[in-house]
Each structure stands twice: as C-alpha cells, then as structure tokens.
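Trainee: I am new to this structure and would like a close look at a single part of it, with enough of the surroundings to place that part. Could you take me through one pair of packed helices and a residue that belongs to the pair?

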Amino acid sequence: MDFWPEFLASSWGKEFVGGGFGGVAGIVAGYPLDTLRIRQQHSSKGSASSSAINILRHVVSREGPLALYRGMAAPLASVTFQNAMVFQMYAILSRTFDKNLSPTEPPSYRGVFLGGVGTGAIQSLLLSPVELVKIRLQLQRTINEGTHNSRLHTGPLDIARSILRTEGLRGIYRGFTITVLRDAPAHGVYFWTYEYMKEHLHPGCRSNGQESFRTMLMAGGLAGVASWISCYPLDVIKTRYQAQSIKYNGIVDCFRQSVREEGYNILWRGLGTAVARAFVVNGAIFTAYETALRCLFNNHTTIQAENTL
C-alpha cells in the first residue's frame, strides 16, 4: 500500500490517472460513432446502407443497440496505459526541442508539434494491435457474410487468439506501418492545434493554467477534428487493410484496389461521422484529463466558475 502514495505523487502517477480518466471519457463518449465510421469505411461503393443514418438503423434493427459498442473492451482495457504513455511522452518530448526552456514556461509551438509527432509514432506500438482487434470485432458480421463463415468471436481475447493462430505474431501487427504513418503527423497536428486554440480562446492560459471548461472542450474538440482531417485517407486504407487478412497484399495494393474499384471518393468516406466523433471524443478527453489533474493533485489553479458551460 505504501507504493500508491509515492506513485501518485510522481509525474508518471499523475499522467496515469489523468490520462486514464481522459481516455475512458473519450472511448465511452465516442465509441458508437466510431463503429459507424468503421462500417462506412468498409462499405462498398453504391451501397444503399453506406450513410451513417442507414448504417445506424441497420445495426440497431438487426443486431441491437449494444452492437454499437461491440469491440469496446479492447480499447477500453488498454486506454488507461495508452493515455498515460501518450501524455507523459508528450510532456517530455515537447520540451526536448527547447533546450533553454525553464520549467515554468510552456513549450514552444515547434516543440509541441515535434513532441506530438514523436508521441504518435511511439504509441503506435500499442495502438496497432488494439485497433486491429477492435476493427475485426466491429466488422465480423460483415466479413463473415462475405466469406459464408457463421462463427462469431466472443470478445477481444478470442479474436486475438484466432489472429495469432492463423496469421502469427506478424498478423497481430498487420497495419503497423500505416498506423505510424497516420498517427505520427496527426499527433503533431493534434497537440499543436490544442495548444494554439487554447491560447487563442483564453489568452495567457498556457502560462497560468486558468483555462475554463469551455476552452478545454472547444480546444480539445477542434484538435481532434484537425488531426482526423489531416490523416483521414490513411485511416480509410488502414481500416480496409486490417479488416481483410487475405484480399490485400500490402498497403499500396490496398490503396490501388480501393481506388480502382470505388474511385478516390473512397478515401473520404465516413469523414463526417469521424469529424463529429473527433469533436466529442477529444473535447471529453482533454476536459477529463485536465480536470482530473486539478481535482486529484491540485496542481493547477481552480477553473473559473464564471467561464464554465
């Protein structure tokens, strides 16, 4: 029991708890929209059920409302550690590029962007297998209909074992390269946009830590939207490549086949759903993260009541 006070007093402890709260809030708030996004990206050209509304009706009527949360256990189980790692790495890397920066000064926007790029690349090691399992669970009924396979996996562990058994360790990291290509620049855009918009909406808050709930929600939401727009075509290809273990021979082959069969519009299919989800999720993540740090560790000044929503 003596371990916990020391752990929570450390930087890693603070980031673990704050990042965990933020990650859980983001997953719960945005997971149904994520399921709709994945199904839109995987749908065929000209399908009558390719719009978000039609897919929502189809899923709820045929599979029940809980199907919108299918596969959530995989990202939820890893989200605490993942967000702890992301926020801690970002805190370190964003200051690495400013050697003369004092501990009381916020990192420069250049440091913020480069720190985000490094964070996105490193966290892909954990995220790639988790997203592979999540995508296979979200799409397993669709994939099974195409292969006439009636067996449904019971959960993340079941599908992970199946992938390891049929495709090996390499299979569990299928899509790792494109995950890095997507997440490295996207995280740079993500953290840069959050810091820039936070300061723009509430001048001086980067230094005094007095941003309001409204500022956190808006800056976090806009950061999520900007990062998704910057990487969305890569995300579409990643979803298709990770969903199909046989059809595509590689990332480039997946891109060529998708564009040849359905045109370049396929690269933006589901963007509206993704942007709506990004605003909700990332507004929740940053608000929960910042609030957790303030409430649990009192390391920021109190949020201004008059500025809250």
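Mentor: The exposed surface of the protein chain comes to about 14,800 Å², and carbon and sulfur atoms supply 62% of that area. This is a predicted model, in which buried residues make up 50% of the 309 residues of the chain. The chain has eleven helices and zero strands, and among its contacts with a separation of 6 or more, 75% are between residues 24 or more positions apart.

For the pair itself, take helix H7, which covers residues 176–201, and helix H9, which covers residues 213–243; their axes lie 7 Å apart and the angle between them is about 165°. Because that angle is over 145 degrees, H7 counts as roughly antiparallel to H9. The crossing of these two helices is right-handed, and their contact is made up of 18 nonpolar, eight polar and four charged residues.

Within helix H9 we can now turn to Ile237, which has a relative accessibility of 4% and therefore counts as buried, the cut-off being under 20%. Leaving aside residues up to four places away in sequence, Ile237 touches Ile178, Ile251, Cys254, Phe255, Ser258 and Leu267. As for Arg256, this residue is 19 residues from Ile237 in sequence, and the two are 9.9 Å apart in space, C-alpha to C-alpha.

Methods:
Residues are numbered from 1 along each chain as its sequence is written. This is a predicted model: local features need pLDDT of at least 70, side-chain atom pairs count only at pLDDT 80 or more; totals for chains, interfaces and linings use all residues. Side-chain values use heavy atoms; hydrogens and water are left out. Helices (H or I, at least four residues) and strands (E, at least two) are DSSP runs, numbered from the N terminus. Buried means under 20% relative accessible area, exposed over 50%, partly exposed in between (1.4 Å probe, protein chains only). Contact means heavy atoms within 4.5 Å. Accessible areas come from the Shrake-Rupley method with a 1.4 Å probe; for residues, only the protein chains shown count as cover. Axes are lines fitted to C-alpha atoms, for helices over the stretch in contact, and angles run from 0 to 180 degrees between N-to-C directions. Angles under 35 degrees count as roughly parallel, over 145 as roughly antiparallel, 65 to 115 as roughly perpendicular and the rest as oblique. A crossing is left-handed if the near helix is turned anticlockwise from the far one by less than a right angle, and right-handed if clockwise. Ala, Val, Leu, Ile, Met, Phe, Trp, Tyr, Cys and Pro count as nonpolar, Asp, Glu, Lys and Arg as charged, and the others, Gly among them, as polar.
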